[in-house]
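Here are some short exercises to work through with the model open beside you. Try each task on your own before reading its solution.

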Amino acid sequence: MVAKPLSESFSRTQVTPAGPSKPLSAPQKALRKMGLLRDIDLALHIPLRYEDETHIVKLRDTRDGDAVQIEARVTHSEVQLRPRRQLCVTVDDGTDTCVLRFFSFYPAQQKALAVGQVIRARGEVRGGFSGFTMMHPAFKPAAGELPAELTPVYPTSAGLPQAYIRRVIAGAMARADLRETLPAKLAWPESPRGKKIHSLREALLFLHHPTPDVSLAALEDRTHPAWQRLKAEELLAQQLSQRMAKQERDTLRAPALIRRHGAWHDKLQQTLPFQLTAAQARVGQEIANDLSRAVPMHRLLQGDVGAGKTVVAALAAMLAIDAGWQCALMAPTEILAQQHFVKLVGWLAPLGVRVAWLTGSQKKKERTEMLSLIESGEAALIVGTHAVIQAQVKFKNLALAVIDEQHRFGVAQRLALREKMEDVGMEPHLLMMTATPIPRTLAMSYYADLEVSVIDELPPGRTPVVTKVISDSRREDVVARIGAQLAEGRQVYWVCPLIEESEALDLTNATATHEALSAVLPGSLVGLLHSRMSVLEKRDVMAKFTQGVMGVLVSTTVIEVGVDVPNASLMVIEHAERFGLSQLHQLRGRVGRGAAASACVLLYGTPEGGRLSETARERLRAMVDTNDGFEIARRDLEIRGPGEFLGARQSGAALLRFADLATDENLLEWARQVAPWMLENEPGLAERHIARWLGGKSEFLKA
Ligand code: ADP
Ligand code: MG
């Protein structure tokens, strides 16, 4: 059974400790640290596994490797010093004898195992030719009746003994308010096996103390009805809380941005050097509809790399500006923000729209100037990095915030953006953009409160990027290929995974590659870009590459997101086996942006005489097989599991402790159907349900 980390899960729950004046004992502190504060938190702390102490097995009836409990009298006890110090205790249960061996032991344990004591010992019996042995069995004096139920073993931490946590959980189960929060008439999702569970109380009682006849497999793979019940309730809490967040947002006000025909929005569309694709036009309309309402938009714009999200954002910005408001556009890196800035100025300056620029690395004078343009409202569009949401930045009237590559931003940053208009009692509309498609179950759970628009079509005239996987030993061929591209006036990216020589990792460093390529490609400018360079240096290199002065750009993964140089037609990724799948796809998306046929070469290095790992092979194979971001995301989910997709919502990821989106889609479907009905018909129960399951954490879901 997989233990999910609990430490974070309830850390935000606000519950008064038992006695604030009394100092906490070590186990109390440990409980607190694990977030086990309220009785309900303890009641929902489910065993990791169980031990069967319900019956005794006679030694005669055991076989080598059986995990059993025996009851026997100690007939001999000695500390042996060879081959290493150990306590050897011989016990006899009337049918046979067994030697218990302990390599570490306390005097008290030695005493409890003195000759004449009758004990119960649990462990794996080994039946060598010299008789039975057990290594480090758990044991206790044979007293009292055997328990009727399996003994729970709880997830615990240092300073928190099992016996203690068992006791507090038993106490909490007796006290906790476990009244049903689910309406009686609710239809339950089909349980795959086992008998029906009628209440949360019943499910919890069972999971803490299952009867020995239960299928341990059903408990361990969490398909038992008691588990299903818990998971369904948890998913329902998540759905309820997201819907409530959405309802709450719907009571907030935002400026209604009504489209005026013939204004900047239309002018921009007319002056663009291309026609919008049908998909761009459709999502543009979806966004425009949202913006025309006096309720804050909360929309995710998905589109594969190169699908053309930027222009959609620019058109949305125009709607805000046409209505006399400001728009902010944030990107996760300075390079990307800079590119957006240059591109947007190129489109908008001719129309007379003033664009401001904000980053952390800005000179004080420029920054002060920008801040005043923003505060006065002279700048209608503000482009930048995280600097845009800093407290000192005062907008005149921010109506729309666009967040590019939203998975790079945290919840706190989105909240900060939304607070920018608090003093006038409004919230800006929020448009989040991502090139990483969200798998269906994630979209249904963590992103349930988002509206989603998808650009499912690439601009016309692009030839798909051809991907080749090539061994590092054929580097020279690749260099020759670069030469051919340069001769045709094309440009090339070369991506390396690390900046500095690290013998341990044996990665070719970018500097060395840069030097080597410069030497073999005389007559063309080879540039170098890595994260240790100053912002000015980076900007200079990027400018040369964008303008086409520089033929080859050797870079670490700083170019990963968003860079747009349509003339680049070859992407070489060195040690591609070390990159994640979605990262590879992002990188490949830097080429194939113009009409020229483009290629992506995945160079792989194998460890001395070794082979690529199976997952590395799968990743490279997926890259060759498809250019489709959705397919890549699906395969990535298969290879990595869902956790990594959550990105900025990682804070929320800890919320699901029991349910697993990979296996519990049916429960998720059920919760999605039940949640709106329950909010409508049983709002009181819904509120209690959320409080029980999420405590103080539901705030996280609102961002
Ligand atoms: P992404 O969705 O990855 O952010 P970009 O917005 O950077 O993609 O667009 C990729 C390239 O395609 C840019 O050079 C952009 O100007 C161009 N582009 C966008 N829309 C169209 C279109 N409808 N027709 C032709 N080119 C387009
Ligand atoms: Mg982009």
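A pocket is an open set of grid points, on a 1 Å grid over the protein atoms alone, with protein on both sides within 12 Å along at least five of seven lines. A molecule sits in a pocket if more than half of its atoms lie within 2 Å of the pocket's grid points. Keep in mind that this is a predicted model.

**Exercise 1.** Find which pocket ligand 1 takes up, and describe the residues around ligand 1 by class.

Solution. Start with the space itself: ligand 1 occupies the largest pocket. Next, look at the shell, where 17 residues surround the ligand, with Q275, G306, T310, R462 and D564 coming nearest. Then sort that shell by class: five residues are nonpolar, six are polar and six are charged.

**Exercise 2.** Work out which polar atoms of G306, A307 and R593 lie by the oxygen atoms of ligand 1, and how much of the ligand's accessible area the protein covers.

Solution. Begin with the backbone. A polar backbone atom of G306 is 2.6 Å from an oxygen atom of ligand 1. At A307, a backbone N or O atom is 3.5 Å from a ligand oxygen. Now turn to a side chain: R593 places a polar side-chain atom 3.2 Å from an oxygen atom of the ligand. Finally, consider the cover: on its own, ligand 1 has 570 Å² of accessible area, and the protein covers 88% of this.

**Exercise 3.** Is H585 buried or exposed, and which side chain does it contact?

Solution. First locate H585 in helix α18, which spans residues 581-588. Its relative accessible area is 6%, and buried means under 20%, so H585 is buried. Then follow the side chain of H585, which makes a polar contact of 2.7 Å with that of D304.

**Exercise 4.** Examine the backbone at P83, H136 and R222, and place each residue in its loop.

Solution. A reminder helps here: most residues other than glycine have a negative phi, and most peptide bonds are trans.

- The peptide bond from R82 to P83 is cis, with omega near 0°; P83 lies in the loop between β2 (67-80) and β3 (86-92).
- H136 has a positive phi, near 45°, and belongs to the loop between β6 (131-135) and β7 (138-141). With a relative accessible area of 39%, H136 is partly exposed.
- R222 also has a positive phi, near 60°, and sits in the loop between α6 (216-220) and α7 (225-250). Its relative accessibility is 12%, so R222 counts as buried.

Key:
Residues numbered from 1 in each chain as written. Chains lettered and ligands numbered in written order. Predicted model: local features only at pLDDT ≥ 70, side-chain atom pairs only at ≥ 80, totals over all residues. Heavy atoms only, no water. Near = heavy atom within 4 Å. Polar contact = N/O pair within 3.5 Å; in protein donor to acceptor, adjacent residues only side chain to side chain. Areas by Shrake-Rupley, 256 points an atom, 1.4 Å probe, with all protein chains shown as cover. 1 Å grid on protein atoms, 1.4 Å probe; cavity = no way out; pocket = protein on both sides within 12 Å on 5 of 7 lines; lining within 4 Å. Nonpolar A, V, L, I, M, F, W, Y, C, P; charged D, E, K, R; others polar. Helix = DSSP H or I, 4+ residues; strand = E, 2+ residues; numbered from the N terminus. Buried < 20%, exposed > 50% of the residue type's maximum accessible area, 1.4 Å probe, protein only.
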